[in-house]
Amino acid sequence: MNSDFDCTRVLEKALLETSATLDGFGDDFAPQIRTADEKFGDFQANGVLPHAKKHRGNPREMATQLVDALPSSQHWETSIAGPGFINFRLSSDYLLGWIAPFEDREKLARAVASENPFKAVLDYSSPNTAKQMHVGHIRSTIIGESLARLLAFCGHEVTRDNHLGDWGTQFGILLYAIKRQGSSLDDLGDDPVAELEDLYRKGNAWTKEDEGALAEARGELVGLQGGDPESMALWERIREISMESFQAIYDLLGVRFDHAHGESFYRDRVDQVYDSLLRHGICEENEGALVVFHPEHKRFAKQPFLVRKKDGASNYATTDLATLWFRSEEWAADQVVYVTDGRQRDHFEQLFLTAGKWFAAEDKTLPELSHVWFGTILGEDNKAIKTRDGQPVKLADLLAEAVRRALVMVEEKNPGLEPAEAQRRARIIGIGAVKYADLSQDRTLDYVFSWDKLLAMQGNTAPYLQYAVARISSIFRKLEGDPSSLMEQARPPETEHERSLARKLIFFPLAIEQTLRELKPHFLCTYLYELATGFSSFYNHDKVMVDDSREQGLRLMLCARTKLFLETGLEILGIETLEEM
RNA sequence: GCGGGAGUAGCUCAGCUGGAUAGAGCAACGGCCUUCUAAGCCGUAGGUCCUGGGUUCGAAUCCCAGCUCCCGUGCCA
């Protein structure tokens, strides 16, 4: 990130350069620049207080000493308040100077670009084949996509991998059910994946009540794993059918992957994992299974990480290790981000510990590993939505309902709009609403599924942000004259709302940094919402179409920059915008 | 049992890792459309930040104890 882009860095640098010249300050001073309450200023430095405590000084005196020594600047005014806060109020000229250069996406992207770009692999969505996606799958897909876009926007090289659950014991039962029922996979009706799910349920019931059926299902699994051509062909077809149904949802969501190397992709690579772990003495045999213990860890010293079941089969620990190896070896990943449910935290902690030892033993550099976990979507009973009992809402149905509700509003507000255009707007608004509803909440929190929560279109929602963008577009449509030549004449912000909006704009880098640091999109959502409220307030108080060309120039510039930041931020969230709503 | 997450306005949630008088949205109430899109703006009301201690200039945030809910804890992922 460009160092002038983030004002906190500019102020921090100024304070540090000054404090270094002062006798009493020492070299351990941390300015702690934060955004300030608007009534105090734009930024504040809190660092003098703890610093004074540490050095047994008087904080107010030390703050005074520091501020007095600070070279006078045309860019900001300083003041000292309370026990020793240093407040900075940026000058109007500085605000204008900061905002003016961001004429387009390119200039913004260049300011954001990381000095140290790396290769990141994002592992997200990851549904199970032969099953429909339901609301429980929405979080990984949406959060993962958003983080992929964020990393890419910050200049990193991103590989998106859909780690499908396409291999495992369930296929024995499913193949058995298909053969017993004599089903044709090419004639499963309108909703083939629902049909597959149904077949699995039947198969499951049969194997539970009948020993013979269970044995046959196991036989099917062995056959599949042994590469039996007929079984393999069925399995392939199941994968295709599933991918088609997933793809319809991904298309609607605007999600795309570079790869979909599911678990099956690694089925021939797991033996190498056992061999290597055994050779290095990382795993051991225990109760017939191969397990990894971590004696140095208080919990995982006793709680094993199973890498091979006692029947000799691999499990997800094995494939995850093989997958990580592949991503490191073949894709040269510097970072791997896993976006999954929080209930898998133990698994990933053990995976990371094991991988650390394994890579070290193999003398390989371990990529930086991040488990980006999220809370569970709960049913009305406060329990996790389960596929088994009670049908969870299908993801396709949720999205369809979102579009339907948005269409009602679009038609109400634009009577006579062409149906195709109304449909297009409804899709962008409805899907945006669903995505934003999920992304705007801290991902680690559970929430209870609610149509009204996910499909809200008023207040802190995607449509509100999209609406701000649409209103700005409308201004530029109606403008007579050349916007760029008007903007060149812009005077500095003066009115309360001009200043307030400009101030919101300069916080953009902070929001990006915070979101990136924590890999939590809700920080960006909060920022964009505040930017949009700042704009709405400005819009209602200060008319853009005014006679004074310098005043109009500034207001147009504020509109243009707000639009760019909102569009860019929404694009990172995976939310489309509209010229007209 | 052990480990983890959560508890903030009637409801849903923020609160930038210890800062100034705790903020939004929804719901409620009252204003604002012959003026750039009212999916909006302005205002009013609403709080023992689960409870009790502690640490200090200063705590929703940190430490201890307790209460409630949720999750994980060897062959699912």
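How far is a phosphate oxygen of RNA strand B from an N or O atom in the side chain of Y464? The distance is 2.7 Å, and the legends below take that pair as one of several stops in this predicted model.

**Figure 1. Chain A as a whole.**
Let us start with the full chain before zooming in. Chain A has 581 residues, and 52% of them count as buried. Its secondary structure consists of 22 helices and 13 strands. Taken along the principal axes, the C-alpha atoms fill a box of roughly 85 × 70 × 40 Å. Among the contacts in chain A with a separation of 6 or more, 74% join residues 24 or more positions apart.

**Figure 2. The protein surface around RNA strand B.**
Here the view moves to the RNA. There are 70 residues around RNA strand B, and those that come nearest are N87, K413, Y467, S474 and Y539. Of the RNA atoms that come within 4 Å of the protein, sugar and phosphate account for 59%. Sorted by class, this surface has 27 nonpolar, 20 polar and 23 charged residues. Which helix gives the largest share of the surface near RNA strand B? That is helix α21, residues 521-541, with nine residues.

**Figure 3. Polar contacts with RNA strand B.**
Three pairs of atoms are picked out in this close-up. Y464 uses an N or O atom of its side chain, placed 2.7 Å from a phosphate oxygen of RNA strand B. K53 reaches a base instead: a polar atom of its side chain lies 3.3 Å from a base oxygen of the strand. With M545 the protein partner is a polar backbone atom, and it is 3.3 Å from a base oxygen of RNA strand B.

**Figure 4. The second largest pocket.**
Next comes an open space in the protein. The second largest pocket has a volume of about 410 Å³. It is lined by 18 residues, of which T8, T35, L510, A511 and Q514 are the closest to its centre. Two or more lining residues come from each of α1 (7-19), β1 (33-35), α20 (508-518) and α21. Of these, α20 gives the most, with five residues. The lining divides into six nonpolar, five polar and seven charged residues. Helix α21 also appears in Figure 2, where it gives nine residues to the surface near RNA strand B.

**Figure 5. The second largest cavity.**
Now for a closed space. Rolling a probe the size of a water molecule over the atoms shows where empty space is left. The count comes to two cavities of 30 Å³ or more. The second largest cavity has a volume of about 40 Å³. Its lining is made up of T129, A130, K131, Q170, L174 and Y200. By class, the lining residues are three nonpolar, two polar and one charged.

**Figure 6. S91 and S92, neighbours in sequence.**
This view sets two serines side by side. S91 sits in the loop between β4 (85-90) and α4, while S92 is found in helix α4, residues 92-99. Is S91 buried or exposed? S91 counts as buried because its relative accessibility is 17%, under the 20% limit. S92, at 25% relative accessibility, counts as partly exposed. Leaving aside residues up to four places away in sequence, S91 touches Q74, H75 and W76. With the same kind of neighbours set aside, S92 is in contact with P492 and P493. S92 and P492 are 400 residues apart in sequence, yet their C-alpha atoms are 5.3 Å apart in space. P493 adds a polar pair, with its backbone oxygen 3.0 Å from a polar atom of the S92 side chain.

**Figure 7. L573 and the residues around it.**
The last stop is a leucine. L573 has its place in helix α22, residues 549-573. What is the relative accessible area of L573? The value is 1%, so L573 is buried. Not counting residues up to four places away in sequence, L573 touches S146, K435, Y436, L439, P521, L524, C525 and L528. P521 is 52 residues away from L573 in sequence, and the two are 7.3 Å apart in space, C-alpha to C-alpha. Helix α21 covers residues 521-541, and the contacts of L573 include P521, L524, C525 and L528.

Definitions and conventions: Residues numbered from 1 in each chain as written. Chains lettered and ligands numbered in written order. Predicted model: local features only at pLDDT ≥ 70, side-chain atom pairs only at ≥ 80, totals over all residues. Heavy atoms only, no water. 1 Å grid on protein atoms, 1.4 Å probe; cavity = no way out; pocket = protein on both sides within 12 Å on 5 of 7 lines; lining within 4 Å. Points joined across faces, edges and corners; volume = space filled by probe spheres on them. Nonpolar A, V, L, I, M, F, W, Y, C, P; charged D, E, K, R; others polar. Helix = DSSP H or I, 4+ residues; strand = E, 2+ residues; numbered from the N terminus. Buried < 20%, exposed > 50% of the residue type's maximum accessible area, 1.4 Å probe, protein only. Contact = heavy atoms within 4.5 Å. Near = heavy atom within 4 Å. Polar contact = N/O pair within 3.5 Å; in protein donor to acceptor, adjacent residues only side chain to side chain.
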